[in-house]
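Trainee: May I ask for a close look at a single part of this model, namely the surroundings of the ligand? Please explain which elements and residues are found there, and then how the helices beside one another are arranged.

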Amino acid sequence: MELPRIGMGTFGSDRYDEKTVANAVKFALEAGYRLFDCASVYGNEAEIGEVFARAFASGTVKREDLIVMSKVWNDMHGAGKVTESCLKSIEDLRVGYLDVYFLHWPFPNYHAKGCDVTSRNADSRPFFVEDFMAVWREMESLKIKGYVKEIAMSNMTVAKMKAVLPLCKIKPYAHEMELHPTFSQKELYDLCVREGIKIIGYCPLGSPNRPERDRTAQDIADTESAVIKDIAGKYGCHPAEICLAWAIRKGHTPIPFASKERNILNNFTVGDRIRLTDEEMAAIEGADADNRLIKGQVFLWKGSDDWRDLWDLDGKIADWRFVNDKWIKKEN
Ligand SMILES: NC(=O)c1ccc[n+]([C@@H]2O[C@H](COP(=O)([O-])OP(=O)(O)OC[C@H]3O[C@@H](n4cnc5c(N)ncnc54)[C@H](OP(=O)(O)O)[C@@H]3O)[C@@H](O)[C@H]2O)c1
């Protein structure tokens, strides 16, 4: 499957309602976008499905010319649930099959829609290879049964990838990861490239309208970065377009969301209008600040209050044990 150089995200960030996102998808489809990144948890697949169904019926686009991706949410990791969720997304999106189906997060921890950063789920648990592989086996069966063309992972780390890849009967086709100039995740990026795993970059503009729970005082806005603004000045464009030009030049597929028609159009044509030079790419690389925006605090389990526990920052998967009603990290 050939991925287009840019796709469109569909997460409403708890701000854009279902209708707004569906209208944006309709406009994008007519403007020429062919890849749409959906997910059951975004709560808008039925409305987007309406748009797809009308586009197929009117001949705006053929089903086989679209790449439609969706994801199993964290509350559907149980046996049989992954299949149920996949079939529901196919039905809601009215597509007959999915091109790529993602395991949205590598653990079964979920939060309520619109929750704040302090929200915790008592059932949340750390990552375990065995849990993950049980879900992945069911993901594999979806491809074998032909419900989906490809299966993929999201929000992994280098340590988690290294732990699960040798166990996969079907390797992930793609990895969807947070990627923007101030957060380039170089080691994980290079690992995916080495393994032949396609890279989909989420929050490619630094998600300026992300939910409140995903904001901290330390966050850097990519579009305010001096390097990005300087290059945007040279091209006479919005800094957001430089973030996309950077992604396209690197060779992964960014999936920006936009509700404004002007932004939807500008994003789609960035690849035709802006080709960054080697010097500009090097300057942007210098702006990397390990600026993770989607930290995932709401996925933490009893016994951890540090979002870094989700991301294996020392390159290892910590050994967590459940003792006296809470998780305890075994220090090496
Ligand atoms: N796998 C995962 O766990 C995961 C996590 C987060 C996101 N995602 C996916 O990644 C997609 C993108 O992430 P995101 O929506 O959080 O953030 P984003 O794409 O980085 O930013 C979207 C915001 O940028 C604004 N924007 C878009 N184009 C612009 C332009 N040319 N100039 C100025 N502003 C512009 C939009 O504003 P307007 O609405 O005003 O146009 C929109 O609010 C999501 O929609 C979702 O599909 C996946």
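Mentor: The largest share of the shell around the ligand comes from α9, which gives 3 residues. The model is a predicted one, and in it 31 residues surround the ligand. The closest of these are Gly9, Leu205, Ser207, Phe257 and Ser259. Two elements give two or more residues to this shell, namely α8 (239-250) and α9 (261-273). By class, the shell holds 14 polar, 12 nonpolar and 5 charged residues.

One of these elements, α8, also leads to a helix packing. Two packed helices are described by the angle between their axes and the distance between the axes. For α8 and helix α7 (residues 226-235), the angle is about 100° and the axes are 8 Å apart. Angles of 65 to 115 degrees count as roughly perpendicular, and α7 and α8 are therefore roughly perpendicular to each other. On the side of α7, the contact involves Ile228, Lys229, Ile231 and Ala232, which meet Pro239, Glu241, Ile242 and Cys243 of α8. This contact of α7 with α8 has 6 nonpolar and 2 charged residues, and no polar ones.

A second pair may be set beside this one. Helix α3 (residues 81-93) and helix α4 (residues 129-145) cross at roughly 45°, and their axes come within 9 Å. These two helices are therefore oblique to each other, and α3 passes α4 in a right-handed crossing. Val82, Thr83 and Cys86 of α3 make the contact with Val135, Glu138, Met139 and Leu142 of α4. By class, the contact of α3 with α4 has 5 nonpolar residues, 1 polar and 1 charged.

Note on methods
Residues are numbered from 1 along each chain as its sequence is written. This is a predicted model: local features need pLDDT of at least 70, side-chain atom pairs count only at pLDDT 80 or more; totals for chains, interfaces and linings use all residues. Axes are lines fitted to C-alpha atoms, for helices over the stretch in contact, and angles run from 0 to 180 degrees between N-to-C directions. Helices (H or I, at least four residues) and strands (E, at least two) are DSSP runs, numbered from the N terminus. Angles under 35 degrees count as roughly parallel, over 145 as roughly antiparallel, 65 to 115 as roughly perpendicular and the rest as oblique. A crossing is left-handed if the near helix is turned anticlockwise from the far one by less than a right angle, and right-handed if clockwise. Two residues are in contact if their C-beta atoms, placed from the backbone, lie within 7 Å. Ala, Val, Leu, Ile, Met, Phe, Trp, Tyr, Cys and Pro count as nonpolar, Asp, Glu, Lys and Arg as charged, and the others, Gly among them, as polar. A residue is near a molecule or strand if its C-beta atom, placed from the backbone, lies within 6 Å of it.
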